[in-house]
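Open the model in your viewer and keep the selection panel at hand. The tour goes chain by chain and ends at an interface.

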Amino acid sequence: MTDRTSHLELDQHEKTFLDSNELIINMGPQHPATHGVLRVILKLDGEKVLGTECVIGYLHRGVEKIAEHRTYTMFNPYVDRMDYVAAVSNGLGYCEAVEKLLNVEAPPRARYIRVILTELNRIASHMLWLGTHALDIGAITPLFYTFRDREEILKIFEKYCGARLTTHAFRIGGCVYETYEGFEREVKKFLDFVTPKIDEYEELLTTNRIWVERTKHVGKISARECIALGVTGPVLRASGVKWDLRKAQPYAAYADFDFEIPVGQNGDTYDRYLVRMQEMRQSLRIIEQGIGKIPDGPIMAKIPKVMKPPVGEIYHSIEAPKGELGFFIVSDGSTQPYRVRVRPPSFVNLQALDMMVRGALVADVIAVIGTLDIVLGEVDR
Amino acid sequence: MAPVATTFFFYFLSALTVLSGVLVITRKNPVHSALALIMSLLGQAALYLMLYAPFVAGVQIILYAGGIMVLFLFVIMLVNIEKSLKEDQFNKQWLVGMAAAVALGALFVFVYIKGKGLFPDRTIQMPEQSNTQQVAVLLYGNYMFAFEIASLLLLVAVIGAVVMAKKRI
Amino acid sequence: MAPITTLHYLVVAAALFVLGVIGVLTRRNVVIVLMSIELILNAVNLNLVAFSRIWGLHGQVFAIFVITDAAAEAAVGLGILIAFFRNKETVNVDEIDLLKW
Amino acid sequence: MLDYITSYLKSDTTPGSAGNLFWAFVYIVLIFLGLSVAVIAMNWLERKILAHMQVRLGPMRVGPHGLLQPIADALKLLIKEDIMPAEADPFVFWIAPLVVVITAFTVFIVVPFGPTHAVTDMNIGVLFMLGVSSLSVLGVVMAGWASNSHYPLMGALRSSAQMVSYEIAMGLAVVSAVLMTSLNKEGTGTLSMIGIVQAQQAQHVWFVFKFFPLGLIAFFIFAVAMVAETNRAPFDLPEAESELTAGFHTEYSGFRWSLFFLAEYSAMIAVSSIAVTLWLGGWMRPFPNALGGETWDLVFSLIPGLIFLFLGAITFYSTSRMPKHPYFRVQTLGLGGFGAVLALIGLLLLIPPVRDRVQDIFWFCAKVAFSMYMYIWYRGTFPRYRFDQLMKVGWKVLLPMGIGVLILTAIAGVLF
């Protein structure tokens, strides 16, 4: 992989800590803190980071290429495997994109179910992020708490569609499953269960001196830089930009819901943490509103058995837990898409890593990788 | 308590000390040298204990072995380059140096043989249990001024080391 | 075996001293030269402590002062070494013969 | 010979001070065995306590409630392949874990488990303990350097900087405690571990409460510094798993690695026992003043035995709650046996001669155990410090605090 290190000007001749003032360290792909198989080449001066380069692609499965050889329906399960901790959002994005292409609209009941499940999934994704992020910074306990509570969400998923992680919950045109007996009651029970739990996480971390010191002013990124890099999601919002696709261009049934967009000020790791914690609470609010007023009616729109969308192209994006998840689909009128391009939030957000850690310490790299909330399955696709 | 098996321990410890000293100056790798020096220092600390100087022994362990030698190892790690291992380990005037050192050794032997009377074979009774207190009395009594100068010296050394080693001031 | 007298300790100290001198005079690696100086200082310490058995505790107090000096010397010496190494990338005393660079 | 052995039992000093080699040897063996058992028990306890803090069960499979898990782990480590990196320095790589273990065990020769229960009593006891435990950093540095790999080297550099800096704060805290020992008629303090506890006995106060809050602050400084000295969370940067994979022992495996593990836990016990000796009254029972007198002495002397009986009762209770399935028969029997052993120890501790001789050890161990529990608690609660923050805490917070406490203690000592 020597060619990949080119821009760091890696010198092959023997270097020690002092004579070169710099040291090249390989973090990953086998490293406890890289959340999968990310390889980060760090150029260090002692403990100070002079530059980084991410080497990705260890988890590349060619999802976009596979799409060209599957029908629209057959490709649906594949999107679950990108951001596997937020599979429901992926499915939502893809289904809505194809619906747009087909010019059909999911019935209201399906849209409400979609919103509730997606928001549940957002909470699950943020919980997983919180646990692993805290673990990276050295607090091991939150991981187990969040996994305990995430389990409840996965149980609801399992009851709804039979799968816990790669749910494949939605179909093009609506939902394939009707809510099960007692769905609303269980979701309500979950809401009552999880609200004090989020307080518990905050109690452990928000005012913890070490946590604050480790995250405040770490990995700062300004709103301007975020926009320049195309960074979206909580990272963008923590920098002070009130941009949430759920509000900006409402999809599914989000227009009917009343919720806030939490915004940070400093754009540091601590603000991103606060924003995500707030987002979890807002998601609870959305679910609470939705659970009371799921309309009756069909859950599946009328769509042709053999899906042949008209020739054309479409870009549809949703607010996934990690940022803007977009699907660009080109149709040539056949049963298979001509081209599918995914705009994964993790991949775009990962770009910011280098900017955020320059001049920081090694330990901050870990914190920043954690706070970007990347999923390598989505980065590499 | 009095040291037991004094003779055996004396020869054992002094052999340890001197042999480690030999290793210090002969090893190629500075880390090995430093480890040998640590052994030598610990052996000396034990010799101090046999000489009823427990406080000096404690200081020797805590300062020399635990402090100074860590500093040495730290620096060796920073500047350790493989290149220097392949080079000549002894400089050109090693023969002269050896000769001078041997002459010095001969001088010592001469002095010890000639001046045997200078080192009376009496030992004053040392109160071992209050050694620390007595050292403290001397240190903060008779040698107060020297103590202050030593602290000043340490301050200067701290500043000097920082100035020397810092990249940009 | 003969009882251990002060002279025995002095001989050990002398041996250490000579070893230190050999190290200073013949080795090229600065770090080892510095360590040899530590050996010399230790030899002196051993002498001082051995004498304190004859003439009272003053020797021990002196040994403590010597240890203090050794700490100062090591700190400054190693600082110089690091500064030097950063500029010249060598630890050989032979090459440290410039007053200015 | 028999006289030689029994004569010591009647004396009131340590075997080292009495020059009784036989008993010194017995004590060394006892401490070695006790420490090994303590480390094994700590391994199990840490995993169980941490697990229960984190809403999980911890080891449950090997033996009842995972009681045999540490033994299984030790066996696994012993038969595991011992890997040495090709480019490593074999000798240094080999000797580094030994250095760490030997230093961790050596300090225990001056730990006073009771007025007579120590291998020896040196008049430089505290200095000796601090000195020898500071040697363990050498082993860490050697391990990091000899592995010839970036992560261990960075771990070693971190740990040497960290341990050397926190030693200073630690030393200052210790000095202020030693200063408190000199507040007697003669005005001479002591560095001897037994002397320090006796000074607390004579002054009728644990030093943690002396000159409130000065003693408490000094204890706090020491408590923080000792966590940093032993490289435990939240100061576990040298082995920060998420940053440096495993720090200085990344390249170690099998038995050698287990030596580091052993050393880490015995070093924790060692510094805890310094803290207990200096501030928490060593072997003294709680409330010697408020609850003094013959009756209370008797009550407190019964507590060790009763605690063991209580533990035994708990064990019997959980034995009765074991599933009745024949599959669990061995486990049930084992747990019952364990309860029986605990109960037997409890009964043994109730016998008067044993009681009088052992209760000091019990109180000392109980205090150390409390300190060890704190270690586990920290680990379950705190995130990890960053390196510059760690240094900042050491040099800019603890060091000035230590100097301040030292000066104030000296002033208070003169005034009161």
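**Stop 1: chain B, by domain**

Select residues 1–82 of chain B: the domain assignment makes this stretch domain 1. Now add 129–169, which the assignment gives as domain 2. Keep in mind that the model is predicted. How far apart do the C-alpha centres of domain 1 and domain 2 of chain B lie? Place a centroid on each; the separation is 22 Å.

**Stop 2: chain A**

Switch to chain A and colour by secondary structure. You should find 15 helices and 8 strands. Draw the principal axes next. The C-alpha trace of chain A spans about 70 × 50 × 35 Å along them. Chain A has 381 residues, and a compact globule of that length would have a radius of gyration near 21 Å; chain A has 21 Å, so the two agree.

Colour chain A by burial. Buried residues come to 52% of the 381. Then bring up a contact map of chain A. Of the contacts with a separation of 6 or more, 70% join residues 24 or more positions apart.

**Stop 3: where chain C meets chain B**

Select both sides of this contact. Chain C gives 64 residues and chain B gives 71. On the chain C side, pick out α1 (6–26), α2 (30–55) and α3 (58–88), the elements that each give two or more residues. Which element of chain C provides the largest share of the side that touches chain B? Highlight α3(C): the largest share, 22 residues, comes from there.

Finish by colouring the chain C side by residue class. The residues there divide into 43 nonpolar, 15 polar and 6 charged.

Note on methods:
Residues numbered from 1 in each chain as written. Chains lettered and ligands numbered in written order. Predicted model: local features only at pLDDT ≥ 70, side-chain atom pairs only at ≥ 80, totals over all residues. Helix = DSSP H or I, 4+ residues; strand = E, 2+ residues; numbered from the N terminus. Rg over C-alpha atoms; globule rule 2.2 N^0.38 Å. Buried ≥ 20, exposed ≤ 12 C-beta atoms within 10 Å, placed from the backbone. Contact = placed C-beta atoms within 7 Å. Domains from an automatic or database assignment. Nonpolar A, V, L, I, M, F, W, Y, C, P; charged D, E, K, R; others polar.
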